[in-house]
Structure formats: structure tokens, C-alpha cells
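The following note is offered to a colleague who is meeting this structure for the first time. It proceeds by numbered points, each on one topic.

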Amino acid sequence: MTTDVLIVGAGPTGLTLACDLARRGIAVRIIDKSAAPPRSSRAKGPNPRSLEVLASLGVADEVLASGAPPLPMRKYRDRLPVSDFDPYADPAPMPATAFDWPRLIAQWRLEEILRDRLAKDGVRVGLGTELVGLDQDGDGAEVTATLSDGRSVAARYVVGCDGAHSPVRKLLGIPFTGETQADQVMVCGDVEIDEDALDRGIWHQWFDATGAVMLCPVPGTRTSWWFQAGPERDGAGVPRPPTEEGFRRLLTRHTGLPGEALRRATLLSTYRVNVRMAERFRDGRVLLAGDSAHVHPIAGGMGMNTGIQDAFNLGWKLAHVLTGLAAPALLDTYEEERLPVAAWTLDFTSERLAETMAAIRRPGGGLDAASAPEASGLSTGYRWSSLAGGTPESGPRAGDRAPDAPCRSAATGAPTWLHHLFAEPHPTLLGFGPESEPILREAAGAHGAAVRVHRVYGPGEAAPAGAAGVVDAEGRIHAAYEPGAAGTVVVVRPDHHLGTVAPASAPERVRAYLALLCGGAQAPLARG
């Protein structure tokens, strides 16, 4: 039996993609070579854009409840505290998102939440299942994946979400170009530290001339911490492999705490800075996402987040092609849009790493040097994409992430956020002004359940009883979208990016764009 999509790798990228596909009714199978879900904390949590993605999947509230706000940072020099700094102390003015800041959460807990969400759609991760071969048949109709136990899986598409050492990428023979900066080395692990040894409301960072130790509490635990440090070195200056005893020595050397305060160290690893990207993200019916497609410095916390956002870009496109709503050429826009984002991320995180390395050499400098507004993910867009249709002279442009804003439900008066309208896995039309209403009615009639249409009622406009849409009583949505006085229609893609922004006097632009997204497999792929 052929499945629609086989996903290889059950980390945050693969699980996000599986959840997105399953909620769209796509037959999906997800496998991972690990015998059991890893109990690793690794990535420290989702940024605001990833929280928007998780909200669309229906799990953001659970992530927020299981995590913690980002913590203030305390910097030490020669074991003495020299400064405290909270890069997130001041709230963002009039945020264009419901999520002002990132959220700290252990990666194992985020994966657990996503696995539970996936199980609600009847899909479970196939653990202990390793991919060893891929064969795309001659007519390109499906892919046969060979497993290590000799079994095979037939799929219409395969997506490699299997990490930096991706077997999928290697089987495809796709070069992973870039460099490993062997001199940039860090040892990492999850550690248990005596409960009263350190303030758990602080991310502690010790820097001195001989190295560093950084300890961040893992939310939802009493004694667990993320441990990062410069490695021990031998007489020749070669980094030593991480060990529990080595972590105790590093702790005492840099912090002054007794080594026995560190009770346990697990998931020990050596991190070397890799800056690499796959030369292409697609080979026929096989695609790459997350670390299998790109790796970069951890500065800025972009790794897991870029993978989650890869998955959200790809999921709706696979679904529209598999269900016949769109032409197969729609999948070409995945690489067109995400490869430049990955290239930018490599440059951005490399710059943040350089800033951080310079900062920690100065008393009072620390990891806050890696912070930058771009790390939120909210400014990432695709203005260059062939999916970026017509755009106005002012306001957000086609390809940009759709701004969010607080508002009220037109039907119930309950407070909500604009992005709540985008949570269902469909393109969404927003109509500004009475002149937009004929286009909304036409789109609903032509495409039925494949689209959602909503009026945005501005300040002073009366919404009819039971109307589908939102009331922008504070004018925040209108300020963000800058609609024309004679009415405007905005088409929002299923991944919350603007497809086209058209005046109400140009309904043909809306028709053309909807034909592109959900007009059938023969619809041409071209700008609106």
C-alpha cells in the first residue's frame, strides 16, 4: 500500500510536517531510527514565528504552559557577578503577533506535545525504523524506501527531516557545502545540580580568560539545567571528549561551586560550528527540510525554528498537490522560497556568533549579544517568490508574513487575534470595506470549503449579526494592512504569508491567485 508522504526523522521539523499534513487528511507515515523518543533538551524553544505555527496546529497553549518566558542573564567574570541583563524586559510596542517573545521549553517536551497532537489524527511515530535505500521509479509516480530490516515503503513523496548527517540527503547524492570551524568547540549536556545551588530564575554565564560555563534551567524541572562550556583540553590544546567528571571540573574551575553539586550529566556531546547548506532541497519526489538541508551556528537560536518553518512552508504545498488542488509545479516554490531563507540564516547566525565571541571577551558581555529582532522569525518573507502576486504601493507586500493584531469576533464579540482566522488549513481572504464583499461571496461560491472568507470591519463599521469576520475596533488591523479607501481584498496563504493584495476594483487578480492555489492541478504557476 502506498502512503502519500513518508517523513524520515521525528524531531521538531518532521513532527511539525506530519501534524500539518495529517490535519489536512493526507496519509502520512513518519519513522525514526531511535528505539525510543530521545530525552534530550537540546534546542531551547520556539521563537515567536514558530509559536504562530504551533498555534495553527493547535498546540501553542500547551507549549506555553509547559515552558517558561526567556530568563534574564547574569554574567560573571572570574567567578564574580558583574552584570544582569534581560533582553526581553521591555514589551514590544503594539506587537504584530500574539507572541511577543520566545518560549523556553525542553526539546523532548515539545516533541512529546507534537507526538500527542499527531496521535489525535491517528498517526504514530515508527520508532526503531531506519532508512537505508531510496528508489524513484522511472515514471516518477512514487518512491520506494528500503528499511534496514529489509521491508520497503512506497510513498508518493518522501521528506528527509533526519538531521545534519541526513541519510536521505546522502542517498540522493546532494552536496552539503560549507565549512566546519574546528576551532569553535563547545561541550554540552543536560545536568542535575543540587536544588539550592543556584537561582533558577537566572541564565547564569561565567566567562574568564581560560573558558566559560553557561547554565540555564530547564523549565518544568526542579534540578535540571542546560550545560554549555568551553571544553577541557590536553597538553597539546586538543579538546577532550565530554565526561561527567570533566563537567564537574569545569563547574568548579569557572564557577567556584563544588563539583559534587553536579549530581548527574547525560546526553553529553561536543558541538563544533558547522555552516553548511544542501545545494538543492528537492530531487524529484524527495525533499529535504530542517538540519538535513542546512546547519549553522547556534547563536540566535535559529536551528529548530528554521526547521519548523521549513515544514510549515512545505506542508500545505504537498497537501494541495496531493489532493489535486494545485499543479505539481507548486512544490518547486518550496526550494525557491526556503533556500534563500536558509542562506540568509547561515549568514545571520555567523554574524551573531562573531558578535557573541567578541562580547564575552569583555567583562559584562554575554549571550545577549546574539539577540536581534530578526531572530523572532517575524520578518522572514518571500517577496521574490513566484507565489508573490500583485502588491500595493504601501503597506505589507505580497510574500510578507501576514501581520497579526488583536480584534473581536464579528459573530460573538469575543476578543481574539486576526491569526486565529488563519488556523484552519486553507487560504484565507480578508475583505476590507463594503466594496470587497462581492469578491468574498464569489470566492466562497467558486471554491467552497477550499477557502475561508472573512470581512474585517473597521472602526465605526457595524457588523451584521452572525457575520463571518472580525471587528477592528482599535484600528490595529487597518494600521497594519493599510487598505485602500475604495476596498481591498487580501489573500493569505495557508502558511500565513500574503499571496496577493488587490483593490476591490480588480477582482480578476483575486480570481487568478485563487486559481493558482486551489484551482486544480492544471492551473498554471505564475504571478498573479
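1. Contact here means heavy atoms within 4.5 Å. The model discussed is a predicted one. With that understood, Thr500 may serve as a starting place: it lies in strand S23, which covers residues 498–503. Neighbours within four places in sequence aside, Thr500 is in contact with Gly389, Gly390, Ala398, Val489, Val490, Val491, Arg509 and Tyr513. Is Thr500 buried or exposed? Its relative accessibility is 1%, and it therefore counts as buried, since the limit for that term is under 20%.

2. A second threonine, Thr345, is placed in helix H8, residues 332–359. Thr345 counts as buried because its relative accessibility is 1%. A polar atom of the Thr345 side chain lies 2.8 Å from the backbone oxygen of Val341. Not counting residues up to four places away in sequence, Thr345 touches His296, Met302 and Thr306.

3. Thr345 also belongs to the lining of the second largest cavity, together with Asn47, Met302, Asn305, Thr306, Gln309, Arg338, Val341, Trp344 and Thr380. The volume of this cavity is about 60 Å³. Two elements, H7 and H8, give two or more residues to its lining. Which of the elements gives the most to the lining of the second largest cavity? That is H8, with four residues. By class, the lining has three nonpolar, six polar and one charged residues.

4. How many cavities of 30 Å³ or more does a search of the whole structure find? The search finds three. The largest cavity holds about 80 Å³ of space. Its lining is formed by Arg49, Val53, Gln309, Phe312, Asn313, Arg338, Gly377, Thr380, Tyr382, Asp495 and His497. At least two residues of this lining come from each of H2 and H7, and H7 has the largest share, three residues. The lining of the largest cavity divides by class into three nonpolar, five polar and three charged residues.

5. Pockets, unlike cavities, are open. The second largest pocket contains about 260 Å³ of space. Its lining comprises 17 residues, and those that lie nearest its centre are Ala55, Ser56, Ala60, Phe99 and His420. Helix H2 (48–56) and helix H3 (60–66) are the elements that give two or more residues to this lining. H2 gives the most, with three residues. In the lining of the second largest pocket, eight residues are nonpolar, six polar and three charged.

6. The next topic is the nonpolar interior. In soluble globular proteins, nonpolar side chains tend to be buried together. The largest nonpolar core of this model has 93 residues, and Val5, Ile7, Leu21, Ile30, Val159 and Leu318 are those with the most contacts inside it. Helix H7, residues 303–322, supplies the largest share of this core, 10 residues. A second, separate core has 17 residues, including Tyr76, Val213, Trp225 and Leu251.

7. Leu21 illustrates the surroundings of one residue of the largest core. Which residues is Leu21 in contact with, leaving aside its neighbours within four places in sequence? They are Val5, Ile7, Ile26, Val28, Gly315, Leu318 and Ala319.

8. Gly67 is found in the loop between H3 and strand S3 (73–77). At 15% relative accessibility, Gly67 is under the 20% limit and so counts as buried. Neighbours within four places in sequence aside, Gly67 is in contact with Arg103, Leu104, Ile105 and Pro219. Gly67 and Gly45 are 22 residues apart along the chain, and their C-alpha atoms are separated by 8.3 Å.

9. A final point concerns backbone angles. Most residues other than glycine have a negative phi. Asp78, although not a glycine, has a positive phi of about 50°. The phi of Arg79, also a residue other than glycine, is positive as well, near 75°. Asp78 is placed in the loop between S3 and strand S4 (80–85), and Arg79 is placed in the loop between S3 and S4. Asp78 counts as exposed because its relative accessibility is 55%, whereas Arg79, at 43%, counts as partly exposed.

Conventions: Residues are numbered from 1 along each chain as its sequence is written. This is a predicted model: local features need pLDDT of at least 70, side-chain atom pairs count only at pLDDT 80 or more; totals for chains, interfaces and linings use all residues. Side-chain values use heavy atoms; hydrogens and water are left out. Buried means under 20% relative accessible area, exposed over 50%, partly exposed in between (1.4 Å probe, protein chains only). A polar contact is a pair of N or O atoms within 3.5 Å; within protein, one must be able to donate a hydrogen and the other to accept it, and residues adjacent in sequence count only if both atoms are side-chain atoms. A nonpolar core is a set of buried Ala, Val, Leu, Ile, Met, Phe, Trp, Tyr and Cys residues joined through side-chain atoms within 4.5 Å. On a 1 Å grid over the protein atoms alone, a cavity is a set of points where a 1.4 Å probe fits but cannot get out, and a pocket is an open set with protein on both sides within 12 Å along at least five of seven lines; lining residues have an atom within 4 Å of a point. Grid points are joined across faces, edges and corners, and a volume is the space filled by probe spheres set on the points. Ala, Val, Leu, Ile, Met, Phe, Trp, Tyr, Cys and Pro count as nonpolar, Asp, Glu, Lys and Arg as charged, and the others, Gly among them, as polar.
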